[in-house]
Amino acid sequence: MQEVIDLTEEKMKKTVASLKDGFAALRTGRASAALFDRIRVDYYGEKSPLNQVANISIPEARLIVIQPWDKNLIGEIEKAIRSSELSLNPSNDGKVIRIAVPPLTEERRKELVKLAKNQAEQSRVSIRNIRREGNDELKKLLKESSITEDDESRGIADMQKQTDSYISKVNQVLEEKEKEIMEV
């Protein structure tokens with residue numbers, strides 16, 4: 001029984017971690033190296049993560065500087081950034097790429113909050129599905145007479161507590177991201 005509860009908790013942890021990763025890619029008005037986590041650059045025929053072919057630094061709140069380790073990659077990096085969904089306009093001087101992060105409009109901020117809320121809701125649904133799978137597993141163990149009815153009801157209660165806890169974590173992560181997006 002405990003293995004089932006531990007497994008469901010592990011899956012719920014991964015769901016919250018996945019949500020945090022998804023939120024890191026959501027652009028706010030501030031410069032962040034995490035914006036480029038999903039960008040892949042064509043590096044001699046291989047699609048490589050940007051942070052593995054260049055140094056990404058944030059010298060100012062609204063400026064990102066990308067310095068490729070191989071100067072021949074500047075064009076590829078610029079192309080990858082332009083074709084991404086970030087809507088950023090990189091410029092280069094032959095050595096580094098500079099990206100000015102424009103402030104978000106009120107309308108765009110609201111769109112991003114809506115997107116964040118949708119991602120959070122998907123995470124909540126995932127957590128509830130994980131709980132349901134755990135409950136089904138406990139019922140199966142009861143049917144096989146591996147656990148007692150008391151064990152099953154205790155397990156179901158424990159998983160409900162886990163579910164409530166992880167859903168409140170999702171809500172907390174969403175609240176923090178909303179504040180970050182809406183601050184000017």
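At what angle do helix 3 and helix 4 pack, and how far apart are their axes? In this predicted model, the two helices meet at an angle of about 170 degrees, and their axes lie 10 Å apart. Since angles over 145 degrees count as roughly antiparallel, helix 3 and helix 4 are therefore assigned to that class with respect to each other. The contact of helix 3 with helix 4 comprises, by class, 15 nonpolar, 7 polar and 10 charged residues.

Helix 3 (106-143) and helix 4 (149-182) are also among the elements that cover the buried residues of helix 1. Those buried positions of helix 1 are V4, I5, T8, M12, T15, V16, L19, G22 and F23. An α-helix has 3.6 residues a turn, so residues three or four places apart point the same way. Helix 1 itself runs over residues 2-24, and because a rise of 1.5 Å a residue predicts a span of 33 Å for its 23 residues, the separation of 33 Å between its end C-alpha atoms agrees with expectation.

The strands described here form two hairpins. In one, strand 1 (residues 40-43) pairs with strand 2 (residues 46-49) in the antiparallel sense over 4 bridges, with R40 standing opposite P49 of strand 2. The hairpin leaves 2 residues between these strands, and Y44, which lies in the turn, has a positive phi of about 50 degrees. In the other, strand 3 (residues 54-60) and strand 4 (residues 63-68) run antiparallel and are joined by 5 bridges, while E60 stands opposite L63 in strand 4; the hairpin connection from strand 3 to strand 4 passes through 2 residues.

Note on methods: Residues are numbered from 1 along each chain as its sequence is written. This is a predicted model: local features need pLDDT of at least 70, side-chain atom pairs count only at pLDDT 80 or more; totals for chains, interfaces and linings use all residues. Side-chain values use heavy atoms; hydrogens and water are left out. The expected span of a helix is 1.5 Å times one less than its number of residues. Buried means under 20% relative accessible area, exposed over 50%, partly exposed in between (1.4 Å probe, protein chains only). Contact means heavy atoms within 4.5 Å. Two strands pair if DSSP finds at least two bridges between them. Axes are lines fitted to C-alpha atoms, for helices over the stretch in contact, and angles run from 0 to 180 degrees between N-to-C directions. Angles under 35 degrees count as roughly parallel, over 145 as roughly antiparallel, 65 to 115 as roughly perpendicular and the rest as oblique. Ala, Val, Leu, Ile, Met, Phe, Trp, Tyr, Cys and Pro count as nonpolar, Asp, Glu, Lys and Arg as charged, and the others, Gly among them, as polar.
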